[in-house]
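Visitor: I would like a close look at one part of this chain, and then an account of how that part sits among its neighbours. Please take it slowly, and explain your terms as you go.

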Amino acid sequence: MSVSTSCIKLCLLATLVSSSFLCHAANSELSQALSTSQARLHSLSQSGGQLPQSQISLSSSAWLNGLPSISLSHLGSLDNGNSYEQELSLNLPIKSPALHSSDKLIKQLTQSIQAQQVALQGLYLSGLLRQSLWEHRLATVKLAQLDRKSQLLDKLHSQQKQLTDAGELPIAHILLLERELVDIALERVDLNQQQAEALALYQQLTGQDQIPQDIAETARPLSASSQPNDILAQHPLWQLLSLQKQQQRLIIQSQQAGDKDPWTVSLTAKNTADNQVDDQQLGIAVSVPLTLGSALSQTELSQWQQANTEHTLNLDRTYIELKTQLKKLEQQQQNLLDQQTLLTQALHLSRIITEELAKVKDQNQVSYEVWLRRYMDALDTESRLALNQVAQQQLHSQQLQALGISL
């Protein structure tokens, strides 16, 4: 026999290499990676700013709608030089009760917007981390499959070379194997680069040199199938746009009602004197704007209507994009499941075909090249099946990302 029957059966009956990265993700490790990324990003943004955060102090008054002012006046008589009037006033622009209530609501909305911005930043970093982790994992699995394939071919090459040196087989058999090994080496170069780039991205984000081993998130269930609309409404981007629209509406309603016009409280001290009288007076005055009709100009109203239309369009566009992306990922998930079934069948057939061709090859009824190609197809099918399992785990993480769920 030109090739050891036991070796062929050993190669053909090798068990399918399943992914060792099962769906028991170490969520704490992934969450720690996200926290580290956020801390590093915050540190970089602070170091790149013009002023340290400690030197930036912004605040708003709870009751004043502007800065207090002092007015001083002195009036002298033209007929009697000894007659004059002096007045000193402290003017306080007080917020109206309506404006005070409106500012309280706006402050709450602003805090909610800031919280959603932080959540959106976390989601963005989660996307980059997931990208780096899964690109590295896919490259690692592909390299492992190539190594296994290369080891099997090396064994076969060693056996074939002994027979070729003994003159029992033509040298073309060796050349075909060496050609396959060169193709594997070329593919390994690209995968090494992909792996290095993924690791570099992860190092840039976290400052860590080691990729976590347990990265599958399949233990986190997807509930999008029950009420996808409600889940998408919890997406940080959708929430942010909705809150910004609410804030804008609240501001324009406050302006329309004239709430921005302050109630002016004036504390006045007045001194009137002439040749006979020297009178000193203290008083208080309150100026309240009349809220009759709308305080908005047509220009302000038009600007708000345009901004409100843009916000509505952004909300609709965001919902459609999120819905489309989620639907696309669901279709990809079903495709991977269908491929897994077909690949399992293809692997079974490839093994049978290779065994049958090995029998007739020894009887010189089929060329060695045909048998080798079928043998390589069987190994490639095993690799595709292993990669399909990893791809399903990766797709689950992508679905979590599309739903707005961070690491």
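What does I353 count as, and at what relative accessibility?

Guide: I353 counts as partly exposed, because its relative accessibility of 39% falls between the cut-offs for buried (under 20% relative accessible area) and exposed (over 50%), taken with a 1.4 Å probe and protein chains only. This is a predicted model, in which local features need pLDDT of at least 70 and side-chain atom pairs count only at pLDDT 80 or more, whereas totals for chains, interfaces and linings use all residues. Residues are numbered from 1 along each chain as its sequence is written, and side-chain values use heavy atoms, leaving out hydrogens and water.

I353 is found in helix 7, which runs over residues 298-361; helices (H or I, at least four residues) and strands (E, at least two) are DSSP runs, numbered from the N terminus. From I353 to R374 the C-alpha distance is 7.4 Å, although 21 residues separate the two in sequence.

Elsewhere in helix 7 one finds N308, which is buried, with a relative accessible area of 14%. If its neighbours within four places in sequence are set aside, N308 is in contact (heavy atoms within 4.5 Å) with K245, Q248 and R249. Those three partners have numbers that place them within helix 6, residues 236-256.

The UniProt entry, which is unreviewed, carries the annotation "coiled-coil region" for residues 312-346; such annotations may be inferred rather than shown by experiment. In the model this span is 100% helix and 0% strand, and its end C-alpha atoms lie 50 Å apart. Four residues, L336, Q339, Q340 and L343, are in contact with N388, again leaving aside neighbours of N388 within four places in sequence. N388 itself has its place in helix 8 and, at 3% relative accessibility, counts as buried.

Helix 8 (residues 368-402) also meets helix 3 (residues 97-165): their axes come within 10 Å and cross at roughly 165°, where axes are lines fitted to C-alpha atoms over the stretch in contact, and angles run from 0 to 180 degrees between N-to-C directions. That crossing angle makes helix 3 roughly antiparallel to helix 8, a term used for angles over 145 degrees (under 35 is roughly parallel, 65 to 115 roughly perpendicular, and the rest oblique).

Helix 3 packs with helix 6 as well, at an angle of about 160° and with the axes 9 Å apart, so helix 3 and helix 6 are likewise roughly antiparallel to each other. One residue of helix 3 is K104, which is exposed, with a relative accessible area of 56%. The C-alpha atoms of K104 and A62 are separated by 9.0 Å, while the two residues stand 42 residues apart along the chain.

To set these pieces in the whole chain, the secondary structure comes to eight helices and four strands, following the pattern α-α-β-β-α-α-α-α-β-β-α-α when read along the sequence. Of the 407 residues in the chain, 35% are buried. Among contacts with a separation of 6 or more, 82% are between residues 24 or more positions apart.
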